[in-house]
Amino acid sequence: MPSDGRDGGDGVEPRLPEWGHERLAEIDRLREDGVEPYARSFRGRTPLGEIARTYAGLETDQKAEDSHCCRVAGRVMSRREHGKAAFLTLRDGWDDLQVYAKIDTLGEVSFGRFKSLNVGDIIGCEGHVFRTRRGELTVFVESWTILTKSLRPLPEKWHGLHDRETRYRQRYVDLIANPEVARQLQGRGRLVSGMRRYLEDLGFVEVETPILQPLPGGALARPFMTHHNALDTELYMRIAPELYLKRLLVGGFDRIFEIGKSFRNEGISLIHNPEFTMMELYWAYVDYNAIMELVENMIPALSEEVTGSTEIMVGETKIDLKPPWPRRTVDSLLREYLDLSLEGMRADQQQAKQVLRERKVDVENRDTFAMLVDKALKHVVWPALVQPTFAIDYPLELSPLSKSRADDSLLVERFQAIIAGREMGNAFSELNDPMDQRRRFEEQARNREAGDEEAHVVDEDFLRALEYGMPPAGGLGIGIDRLAMLLLGVDSIRDVILFPQLRPEH
RNA sequence: GCGCCCGUAGCUUAGCUGGUAGAGCAGGGGACUCUUAAUCCCAAGGUCGAAGGUUCGAAUCCUUCCGGGCGCACCA
């Protein structure tokens, strides 16, 4: 395509449809008049929200006495022109404020430019605050300047942007068009910073461990693989930080936590994104009972911080997060909801499969005892647990990294926190017996050879660390995205992730 | 991965059992000095997700592909 002279002769011209050329022409026009359409700064501005708060008491038709030097800046969200006067609605962040300009004050040139602004442009204004006859708090513009010219039209002001694909792909537009999305995502931020503060107040220290790992471990999941050129070695994106955090327990840290991304190469759904944020913590010299107390106190405190209440609504149901939460053994839950016992399931898997099939749970002939228990919990027991509940004492086969119970070597000291039928945390007394850990790894290795791609791999360096001696400890993992969904009352994980994973655009 | 649904202008959309696309907002021109979905007048804007097929004729029917949404499965 030949240039039509609007690109300044350097051949740089955004590929824009017809409506874009008008705006490029306007940019040239501004530059010819010595006005830079992409400014460097606009100092000394007052945020629009602050103006609204400061002058909330200002009466209709009244002019603020003290605001001669008021400077405001923001994106033009809408325009209402009146010939020799014009109103614009400005937005900075997620606060709106109206500004008003007329030709008498600005003069013909400046007012002409003011009228030629587009929705989407970013401007700075200086003037005084007043309240219009209709009662709207407004800045009367005495002078103004363009800060950034927008080349693309914003979504429609009344219907907004609904197309989910565009919303996720161009989140920057979504955030402008749907301010409630921004509020929600800010809620997630408050959750994370609240959790940090809560744990630091308890004496936990935040650490960062490798995301690129030579062996993926700490969870049962399929990893992403990558390659380091200089080292010429395969690396995996971590599926959990667990094994590195425990190495730190060996090294002497006694209360640590990490908040960061983990990656699992699995399906995408309403509750799964390939990269997700986990908080894991490890606390030396305590067992899973202390972790339960921490969880049942921390979650309501965070809810209070994010939503202002320790009660949340999930659909029509009110959920009370206040402690204490009941502790229920997996065995008692299976007995209550399926009339099955762990012992019975282990002894007669055919009968267990029969019972599960009657409950419309999809079981396969090759399902092991551990898989059957897992399915029974996920599909039958969890949906029945609405109020916060700790499910405790899992069969050993499900948990290759947790410590077994002193009174029953087939059970491990592990719990999951269940709220509104969803898993909101997974914790256990950490296995610190290196010989036992080696046996568990070897068992997993056999599963792996039998075709279970998610079985844990043997991590010799981790075993070496345990051989130096890891203090007894409790550990916890919480999926931040899912906790944010619960507290913010959203159904899709994409609504708590700024840039959810989508197929690449063409 | 499998099943169901969707894709029309920058955005929100109309378009019936096939007759070759219509609007609102945004953008352009004009009128209007307290409006707020401002109003009024004028003009412009579409390879109807893509490619094949059926047909005299396809946005519409069929097939495949691309992208998305929602269920199911795996996982947190």
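**Note on the RNA strand B surface and helix α3**

1. A backbone N or O atom of Gly83 lies 3.0 Å from a base nitrogen of RNA strand B, a polar contact (a pair of N or O atoms within 3.5 Å). This is a predicted model, in which local features need pLDDT of at least 70, side-chain atom pairs count only at pLDDT 80 or more, and totals for chains, interfaces and linings use all residues. Residues are numbered from 1 along each chain as its sequence is written, chains are lettered from A, and side-chain values use heavy atoms, without hydrogens and water.

2. Two side chains reach a sugar or linking oxygen of RNA strand B through an N or O atom: His82 at 3.2 Å and Glu423 at 3.4 Å.

3. Around RNA strand B there are 57 residues, of which Glu81, Asp104, Lys157, His272 and Arg482 come nearest; near means a heavy atom within 4 Å. By class, 27 are charged (Asp, Glu, Lys, Arg), 17 nonpolar and 13 polar. On the RNA side, 59% of the strand B atoms within 4 Å of the protein belong to sugar or phosphate, and the rest to bases.

4. Helix α4 (164-169) gives the most to this surface, with 4 residues. Elements supplying at least two residues include β1 (70-81), β2 (85-92) and α3 (103-115). Helices (H or I, at least four residues) and strands (E, at least two) are DSSP runs numbered from the N terminus.

5. Helix α3 bends by about 85° at Val109, the angle between axes fitted to the seven residues ending there and the seven starting there. Its end C-alpha atoms span only 10 Å, against 18 Å for a straight helix of 13 residues at 1.5 Å a residue.

How values were computed
Polar contact = N/O pair within 3.5 Å; in protein donor to acceptor, adjacent residues only side chain to side chain. Expected span 1.5 Å × (residues − 1).
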